[in-house]
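Here are a few short exercises to work through with the model open in your viewer. Try each task before you read its solution.

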Amino acid sequence: MTDIKKGLAGVTVDETAVSKVNPETNSLLYRGYPVHELAATQPFEAVAFLLWNGELPDAEQLAALRRTEREHRALPDDVRAAIDLLPTSAHPMDEVRTAVSVIGARETAGISNVMDAVGTPEENLQRSIRLWAQLPAVVAYGQRRRRGQELIAPRDDLDYAANFLWMTFGEEICTPPQAAEHVEATEAASVPAPSTSSGSSASGGVPDPVVVDAFTRSMTLYAEHSFNASTFTARVIASTLSDLFSAVVGAIGALKGPLHGGANEAVLHVFDEIGTAGNVVPWLDAALADKRKIMGFGHRVYKRGDSRVPTMKAALDTLVAHYDRPDVAELYDALESEFVARKGIYPNLDYPSGPAYALMGFDTLTFTPLFVASRVTGWTAHIREQQAANALIRPLSEYVGPDERHIDGYVADA
Ligand code: SDX
């Protein structure tokens with residue numbers, strides 16, 4: 001009897017030098033560095049450099065990466081036009097998938113021999129940086145167009161995370177929450193309108209540093225997690241020597257699912273269903289009776305907690321205090337304590353990330369695209385590693401269909 005490992009659970013299929021997930025010690029290393037140390041000390045640009053190059057950047061390398069990233073922040077007109085072809089009711093993950101497909105077709109235009117589609121390691125490093133640089137504009141534009149708001153041009157004076165927030169919220173993200181409640185209509189009118197030109201805006205406030213810090217930490221925590229479903233999808237596509245963008249488009253499709261990246265969006269749908277902490281017990285009674293999976297809990301690898309949760313929960317706690325939202329903390333704590341007590345299944349990163357992104361002001365449907373903008377660094381590191389291996393991924397299957405049978409009257413050619 002063939003030993004089938006459904007879902008490849010517990011199966012080690014290859015080696016990687018990009019990251020190490022250790023369920024025994026509940027730890028995660030990016031190229032050897034504990035992720036919580038990186039989240040506490042590094043800008044996201046440095047983490048991206050580390051994943052792509054294997055070492056943290058020195059000052060000059062970081063400056064060079066920042067220059068390149070800033071050069072590619074603006075949303076290209078043809079990518080914007082492709083997004084505009086979609087109804088505003090399209091899921092933002094479909095918008096992002098479409099945009100990456102257009103970006104990829106532009107980047108690889110003119111390659112007429114499929115043998116050249118894979119590109120060289122250096123070409124793919126530069127493609128990775130450009131794609132990573134453009135994703136904030138894609139995600140930010142998606143949320144703004146759904147709200148009927150104009151595109152906001154990037155700013156050269158802000159780092160990756162702060163500029164991402166600026167392009168999404170403009171001056172709204174620069175006003176401390178306490179002040180925001182007291183801004184009069186007249187005062188609001190005096191706030192300089194965000195620039196809508198495709199060039200960088202010359203002016204603008206400073207995005208709230210509390211939000212920038214929490215958002216930066218979330219980007220670092222989401223960046224990489226060994227052979228998760230979307231990364232493995234990217235590796236399978238890369239293993240055929242297809243191009244980097246095709247592999248990222250496939251990974252986006254895998255990440256969208258609620259058993260994977262879509263869970264951070266689904267956590268907020270759960271919070272909306274429950275409403276207040278007082279409703280947790282009856283809600284959970286009904287949900288478990290219906291054998292529902294509770295979004296934001298459980299993990300295929302970690303079985304007693306997710307190494308990233310403490311860092312993201314601390315960021316959520318900071319935002320709860322910053323925006324004076326104890327109700328969010330009460331609901332979060334009530335659902336966690338009740339579910340862990342009943343099932344012994346612990347939160348994963350998506351559980352604290354969902355409410356944190358909601359407090360930052362992101363629409364619920366924007367949450368998983370945020371995951372894409374971060375995880376594209378890990379995906380592209382793995383894509384380049386798989387391409388270098390030059391080895392097709394093609395598992396076996398156990399046939400359980402009908403026994404061999406034949407077409408009535410068929411006679412083989414003599
Ligand atoms: C991510 O792999 C990665 O690294 C992914 C990720 C990354 O960074 O890339 O960490 C990001 O995808 C995190 C996971 C986000 N998904 C969710 O929060 C969705 C809810 N979680 C479950 O669907 C589930 O926990 C999985 C899919 C995450 C993991 O499932 P497994 O390992 O396949 O475990 P299982 O489904 O076989 O569950 C074992 C038992 C089952 O009960 P029985 O059928 O044995 O009675 O535990 C139960 C499950 O029903 N269970 C849950 C549950 N998770 C497991 N029951 C209710 N709610 C849950 N969340």
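Contact here means heavy atoms within 4.5 Å. Keep in mind that this is a predicted model.

**Exercise 1.** Find out which residues glutamine 134 touches, leaving out those up to four places away in sequence.

*Solution.* Start with the location: glutamine 134 sits in helix α6. Next, check its burial. Buried means under 20% relative accessible area, and glutamine 134 has 7%, so it counts as buried. Finally, list the contacts: His72, Pro76 and Ile103.

**Exercise 2.** Work out which residues touch the most other members of the largest nonpolar core, then look up the contacts of leucine 335.

*Solution.* The core has 106 residues, and Phe215 and Leu335 are the ones touching the most other members. Helix α6 (residues 121-146) supplies the largest share of this core, 10 residues. Now go to leucine 335 and skip its neighbours within four places in sequence: you're left with Val270, Phe271, Ile274, Val280, Trp283, Leu284, Phe297 and Tyr351.

**Exercise 3.** Locate the salt bridge between glutamate 107 and arginine 130, and say which parts the pair ties together.

*Solution.* Side chains of opposite charge can pair when their charged atoms come close. For glutamate 107 and arginine 130, the N to O distance is 2.7 Å. Glutamate 107 belongs to helix α5 (residues 92-107) and arginine 130 to helix α6, so the pair ties together parts 23 residues apart in sequence. As for accessibility, glutamate 107 is partly exposed at 24%, and arginine 130 is partly exposed at 22%.

**Exercise 4.** Take two other salt bridges, arginine 308 with aspartate 306 and arginine 325 with aspartate 327, and decide whether their residues are buried or partly exposed.

*Solution.* In the pair of arginine 308 and aspartate 306, N and O are 2.6 Å apart, and both residues are buried. In the pair of arginine 325 and aspartate 327, the closest N and O atoms are 2.7 Å apart. Arginine 325 is partly exposed at 33%, and aspartate 327 is partly exposed at 37%. If you'd like a network to trace as well, salt bridges link Arg80, Asp84, Glu95, Arg145 and Arg146.

**Exercise 5.** Describe how β1 and β2 pair, and pick out the turn residue with a positive phi.

*Solution.* β1 and β2 (residues 27-30) run antiparallel and are joined by 4 bridges. One example: lysine 20 has leucine 29 in β2 as its bridge partner. The two strands make a hairpin with 4 residues between them, and the turn residue you want is asparagine 26, with a phi of about 50°.

How values were computed. Residues numbered from 1 in each chain as written. Predicted model: local features only at pLDDT ≥ 70, side-chain atom pairs only at ≥ 80, totals over all residues. Heavy atoms only, no water. Core = buried A, V, L, I, M, F, W, Y, C linked by side-chain atoms within 4.5 Å. Buried < 20%, exposed > 50% of the residue type's maximum accessible area, 1.4 Å probe, protein only. Pairing = 2+ DSSP bridges. Salt bridge = Lys/Arg side-chain N within 4 Å of Asp/Glu carboxyl O.
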